[in-house]
Amino acid sequence: MENYQNLLQKMEEAGYLTSPEIAIPVFLALKLNKPILVEGPPGVGKTELAKVLAKVLNTELIRLQCYEGLDEAKALYEWNYHKQLIAIQSSKNNDDKTFVFSEEYLLERPLLKALRAQKKPVLLIDEIDKVDEEFEAFLFELLSDFQVTIPELGTIKAREIPLVVLTSNGSRELSDGLKRRAVYLYIDFPDIKLETKIILKKVKEIHQELAEKVATAVHFLRREMDLYKPPAISETLDWAKTLALLGDERLTKEFIENTIGFVLKNKEDIETFYEKGGANRLLQYIDENT
């Protein structure tokens, strides 16, 4: 990439509408060979950022999905114990000596796969805030040297340093050690203008005025309703698609109440919506802001 404007253009061509506030940190991370730590609420496009970067760079996306209890073996490598046992039994029967700690019996997990990739991959470490601090410490040491030692095989260094994208929903505070090693990027929900552009890009059947009203309605839900789970961008798009499928040319109280489950995916949030005036307040907000 020659500059961040070029990256911004290619990301938008790949369907990821964004801004310089996102493109500049990503561009610098690429140039500096540093990981990117992307924080923000669920549903703002953190994971999608890694996917689109793999498209833009025309390279493989390798994903490590984090979860509570994830350990080094599941993330880095394991030995194929079943295959080893078969080989050992076979060697006993045939009086052969078989070394079962070799490449043939190694199972690559995402981190090792990224280190051994022939072409610079995008390594997505998704929802890093779900793992414990011990695994996090192991991870940022690995990301410092981009190498790992397998006792039976020796030290394996990255053929090409991967572009590492770590995502966090902010469920816990990440360590200073991890943050120091990464370019930090916070992604919030888009403003009305940008979300309107996203709707028009992704939902071809909808017109400008209606897209603006949908974006304004979702903005209201996120900012004014005090929801447990504010609507993600994907839920905005689902709601816009329902308008297109039903052939509705405007947002009405009936439409909102019949389709509110497309944007609110929590029983308590739907109850809050109705308790706080629901569709009437939403329509008033749209009239005042579009």
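Here's a quick tour of two charged surface patches, one helix's buried side and two unusual backbone spots. Keep in mind that this is a predicted model. On the surface, six lysines, Lys-51, Lys-55, Lys-201, Lys-202, Lys-204 and Lys-241, make up a positive patch, while a negative patch brings together Glu-68, Asp-71, Glu-72, Asp-132, Glu-133 and Glu-134.

**Positive patch**
- Helix H3 (46-56) and helix H9 (192-202) are the elements that each give two or more residues to the positive patch.
- Lys-55 sits in helix H3, and it counts as exposed because its relative accessibility is 58%, above the 50% cut-off.

**The buried side of H9**
- H9 also has buried residues, namely Leu-194, Glu-195, Thr-196, Ile-198 and Ile-199.
- Those buried residues pack against helix H10 (208-224) and helix H11 (233-246).

**Negative patch**
- Glu-72, one of the negative patch residues, belongs to helix H4, which covers residues 72-75.
- With a relative accessible area of 42%, Glu-72 is partly exposed.

**Positive phi outside glycine**
- Asn-33 isn't a glycine, yet its phi is positive, at about 55°.
- You'll find Asn-33 in the loop between helix H2 (20-32) and strand S1 (36-39), where it is partly exposed at 37% relative accessibility.
- Asn-58 is another non-glycine residue with a positive phi, near 55°.
- The loop holding Asn-58 runs between H3 and strand S2 (61-65), and Asn-58 is exposed, with a relative accessible area of 60%.

Terms used: Residues numbered from 1 in each chain as written. Predicted model: local features only at pLDDT ≥ 70, side-chain atom pairs only at ≥ 80, totals over all residues. Heavy atoms only, no water. Patch = residues over 30% accessible without salt bridge, like charges linked within 9 Å, V, L, I, M, F, W, Y side chains within 5 Å. Areas by Shrake-Rupley, 256 points an atom, 1.4 Å probe, with all protein chains shown as cover. Salt bridge = Lys/Arg side-chain N within 4 Å of Asp/Glu carboxyl O. Lys, Arg positive; Asp, Glu negative; His and termini not counted. Charge placed at Lys NZ, Arg CZ, Asp CG, Glu CD. Helix = DSSP H or I, 4+ residues; strand = E, 2+ residues; numbered from the N terminus. Buried < 20%, exposed > 50% of the residue type's maximum accessible area, 1.4 Å probe, protein only. Contact = heavy atoms within 4.5 Å.
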